[in-house]
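Here are my notes on the model, written as numbered points. Please keep the structure open while you read.

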Amino acid sequence: MLIALVILYVVTLVYFAITERFRNYATLVGLQGWILMGIALMRLHGGSLAELLFVVVETLVFKAVIVPAMLFRIIRRTGINRVSRGAVSVFDSLLLSVAALGVSIGVTYYIADTTVNMVFFGVALYALISGLLLVINRRRIFSHLVGFLVIENGVFLFAMAIGAEMPFLINIAILLDILISVLMLGMFLSKIGAVMHDLDADRLTTLKD
Amino acid sequence: MILGYIITALLLATFTAVAPDRRMARCPAALFYAVQAAFFIGTVTYHAGETVAQFFTFDGLGLLFFGLMTVIAPAAFYAGNRYLDRETLRQYKLYNISMMLLCVSIAGVYFANHLAVTWIFLEATTLCTAGLVYHRRSTRSLEATWKYIFVCSTGIAIAYLGILLLSTVAEGGDLSYATLRETVASGNPLFVKLAFLFIVVGYSCKLEIFPLYTIGIDANYAAPAPASALISTALVNAGFVAVLRVYRVVEASPVFAWACHVLVAAGVLSLLVGALYLRRTNHYKRLLAYSTVENMGLATLMLGLGSGAAWAAVLHAAGHALLKSGLFIQTAQVGKAYGSYRINRLGDYMRVNRAGAVALLLGVLGLTAFPPSVLFISELALFRELFGQHIWWLAIVVVLLVCVVMYSLWGRLARLCYKPGGHPADRAAISPAATWVGFVLILLALAAGVCLPQSVFELLTAITAG
């Protein structure tokens with residue numbers, strides 16, 4: 001079951017590379033939240049019940065409910081539904097994503113170590129690279145925001161790979177969640193959308209020498 | 001004791017938030033800096049070296065930088081009150097609350113004896129600094145805030161990856177620096193290497209060195225100049241302390257030489273970026289921010305050269321904090337007088353504000369490491385170490401880049417002080433008291449270069465040697 005969830009997580013990452021609709025982005029972020037909740041439930045079963053409940057509830061509330069809801073709200077408020085000027089085509093983006101998967105597998109085999117769950121490590125690395133590709137390949141600020149959320153989910157998965165025995169580390173990963181959910185999305189929702197109507201990252205270039 | 005300090009700060013921030021007017025908002029803020037000074041004196045006198053609340057230790061490194069912040073923060077507060085005379089009550093309160101909470105977060109970083117606690121407080125500094133950067137609520141400040149939060153969050157996430165990798169060497173999940181130092185030698189060297197790399201890259205957004213230095217520049221540009229006096233010094237030092245503590249951990253591992261190479265590369269690249277952009281920029285606040293990149297690059301380079309110059313890195317960071325805070329406070333006066341920070345529009349400042357112009361000249365003298373600046377001692381130690389280790393090519397590169405920095409800083413400062421004409425100035429906007437507050441900080445850095453007691457050298461050696 002755990003492996004099935006991990007495979008599903010990889011599929012969501014591949015889908016991020018080929019989709020151009022912002023609604024799909026928001027749906028995929030929500031789906032990743034549910035998958036991570038399932039993974040947390042299975043990985044952390046050895047710890048105390050209170051810690052398990054905290055991690056699972058936080059993952060559910062922030063990653064699976066609040067963050068996707070805020071993303072949908074941003075889409076409704078701004079009226080911008082899709083990536084308009086991608087730096088690379090969908091096909092190239094898919095190729096890059098597959099290459100990222102290959103690199104992740106290669107790196108994982110190279111640094112194989114008994115202290116780390118290598119399946120989680122490899123997928124977490126793939127998530128990190130996928131998030132970076134989203135930030136680099138897309139121009140709209142919304143895509144950058146989603147790219148960061150993908151990176152952040154990768155970090156959470158990475159914490160599962162290494163820190164399953166250390167709930168303290170998982171808890172501080174949750175702090176990062178809260179920072180992002182409340183501050184970045186909140187700011188996007190209340191300020192940037194109102195000032196920059198096309199939400200293009202090219203508009204964010206007034207600060208320069 | 002530290003919990004009392006944090007709780008007091010939160011209470012005073014709450015009082016500031018509900019204050020009905022500026023005077024009532026100013027009182028709790030002023031009281032906070034008095035409490036901070038009392039906390040510092042009490043800690044140095046009665047609790048030096050003690051561990052409190054499990055996660056905080058009042059060691060020499062923390063106390064040195066906290067002491068500096070205790071001097072710089074009230075100066076920035078005073079100058080800020082004179083600077084923010086046209087702000088609405090809401091903006092004024094947001095500024096003061098952000099400054100107070102930033103001080104508390106930075107203090108948490110200085111005293112944390114635990115890898116994860118350091119990370120948490122550094123994350124908190126992002127929130128507080130965002131409040132200062134967004135202070136003006138203009139499109140540019142919104143852009144700067146968005147970039148600051150985005151890049152800082154990315155940096156913090158990268159640093160978290162490093163913490164996760166370093167946790168593989170932790171015994172029983174204990175991430176305190178002391179335990180990690182004992183167990184790091186038995187860890188997977190590749191994991192320790194990656195952990196150090198990720199942590200340095202992640203914290204570079206706070207330390208304002210290559211690669212994530214850019215947001216520090218934009219933050220200093222968008223924040224009020226007196227706030228930059230804190231962001232570009234105490235916050236940068238928080239990043240420095242965080243990296244130095246991990247450096248001390250890695251020192252005990254077989255990959256220490258590799259870690260030093262990483263620091264040397266980051267230091268030289270920061271110096272290069274600082275030198276190049278100092279030539280290019282046309283804005284006095286950005287000029288000072290790039291100078292921070294250059295100076296923290298030098299401090300990182302000193303760390304990278306190993307224990308021989310590591311004490312000089314701490315001295316450089318401390319001296320730079322005094323000089324840069326004084327310079328930002330002076331620059332705030334320039335901004336008030338001319339209504340602009342554009343280098344090509346300003347001039348004749350010596351006639352407009354003689355004390356301020358002399359302070360700027362002395363500050364840049366100190367910043368470019370001319371005697372009697374305290375930075376002269378640290379940079380002398382850097383070159384002695386470079387020559388001692390026979391790294392001639394690096395010494396030549398550093399000398400060339402430092403020359404470019406000197407030329408850029410002196411050229412622009414001469415233009416500001418002596419160029420005839422310039423933009424019409426409003427002399428009435430200049431606060432002589434704030435000018436002298438900044439002047440005193442600069443004089444302190446110069447005086448430290450002349451009469452630095454032996455006990456300070458011993459403290460610096462103890463900090464970097466264990």
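**Notes on the two chains**

1. Start with the interface. The area buried between chain B and chain A is about 3,700 Å². Carbon and sulfur atoms give 79% of that area. On the side of chain B, three residues lose the most area to chain A: B:Glu143, B:Trp146 and B:Tyr160. Together they account for 19% of what that side buries. Keep in mind that this is a predicted model.

2. Next, who takes part? The contact involves 41 residues from chain B and 41 residues from chain A. How many salt bridges link chain B and chain A? The count is zero. The rule for polar contacts also finds zero residue pairs across this interface, with both residues required to be at pLDDT 80 or more.

3. Now look at which parts of chain B face chain A. Six helices of chain B each give two or more residues to that side: helix 5 (115–133), helix 6 (139–166), helix 8 (189–207), helix 9 (214–222), helix 11 (256–280) and helix 12 (284–304). Helix 6 of chain B gives the most, with 19 residues. By residue type, the side of chain B that touches chain A divides into 23 nonpolar, ten polar and eight charged.

4. Turn to chain A by itself. Its secondary structure comes to seven helices and zero strands. Read along the sequence, the pattern of chain A is α-α-α-α-α-α-α. Chain A has 209 residues, and 54% of them are buried. Consider its contacts between residues at least 6 apart in sequence. Of these, 75% join residues at least 24 apart.

5. Salt bridges deserve their own point. Side chains of opposite charge can pair when their charged atoms come close. Over all chains, the count comes to nine salt bridges. One of them joins B:Arg286 and B:Asp218, with the closest N and O atoms 3.1 Å apart. B:Arg286 lies in helix 12 of chain B and B:Asp218 in helix 9 of chain B, so this pair ties together parts that are 68 residues apart in sequence. Are the two partners buried or exposed? B:Arg286 counts as buried because its relative accessibility is 5%, under the 20% cut-off. B:Asp218 counts as buried too, because its value is 7%.

6. Two further salt bridges are worth finding in the view. The side chains of B:Glu251 and B:Arg248 meet at 3.1 Å, N to O. B:Arg248 is buried, with a relative accessible area of 16%. The side chains of B:Arg351 and B:Asp348 meet at 2.8 Å, N to O. B:Asp348 counts as buried, at 17% relative accessibility. Shared partners also join B:Arg181, B:Arg248 and B:Glu251 into one network of salt bridges.

7. Compare that with a charged residue that has no such partner. B:Lys93 sits in helix 4 (residues 89–111) of chain B. B:Lys93 is buried, yet it has no salt bridge. Where is the nearest side chain of opposite charge? It belongs to B:Asp21, 8.9 Å away. A salt bridge needs the atoms within 4 Å, so B:Asp21 does not qualify as a partner. Leaving out residues up to four places away in sequence, B:Lys93 touches B:Thr16, B:Ala17, B:Val18, B:Ala19 and B:Ala25.

8. B:Leu271 is a good residue to inspect in helix 11 of chain B. B:Leu271 is buried, with a relative accessible area of 0%. Which residues does B:Leu271 touch, not counting those up to four places away in sequence? They are B:Glu294, B:Leu298, B:Val398 and B:Leu401. B:Phe256 makes a useful distance check: B:Leu271 and B:Phe256 are 15 residues apart in sequence and 22 Å apart in space, C-alpha to C-alpha.

9. Finish with a glycine. B:Gly306 is found in the loop between helix 12 and helix 13 (307–338) of chain B. Its relative accessibility is 7%, so B:Gly306 counts as buried. B:Gly306 and B:Ala257 are 49 residues apart along the chain, while their C-alpha atoms are separated by 8.4 Å. Setting aside neighbours within four places in sequence, B:Gly306 is in contact with B:Tyr247 and B:Cys260.

Conventions
Residues are numbered from 1 along each chain as its sequence is written. Chains are lettered from A and ligands numbered from 1 in the order in which they are written. This is a predicted model: local features need pLDDT of at least 70, side-chain atom pairs count only at pLDDT 80 or more; totals for chains, interfaces and linings use all residues. Side-chain values use heavy atoms; hydrogens and water are left out. Contact means heavy atoms within 4.5 Å. Buried area is the accessible area (1.4 Å probe) that two parts lose on being put together, summed over both. A polar contact is a pair of N or O atoms within 3.5 Å; within protein, one must be able to donate a hydrogen and the other to accept it, and residues adjacent in sequence count only if both atoms are side-chain atoms. Helices (H or I, at least four residues) and strands (E, at least two) are DSSP runs, numbered from the N terminus. Ala, Val, Leu, Ile, Met, Phe, Trp, Tyr, Cys and Pro count as nonpolar, Asp, Glu, Lys and Arg as charged, and the others, Gly among them, as polar. Buried means under 20% relative accessible area, exposed over 50%, partly exposed in between (1.4 Å probe, protein chains only). Lys and Arg count as positive and Asp and Glu as negative; His and the chain ends are not counted.
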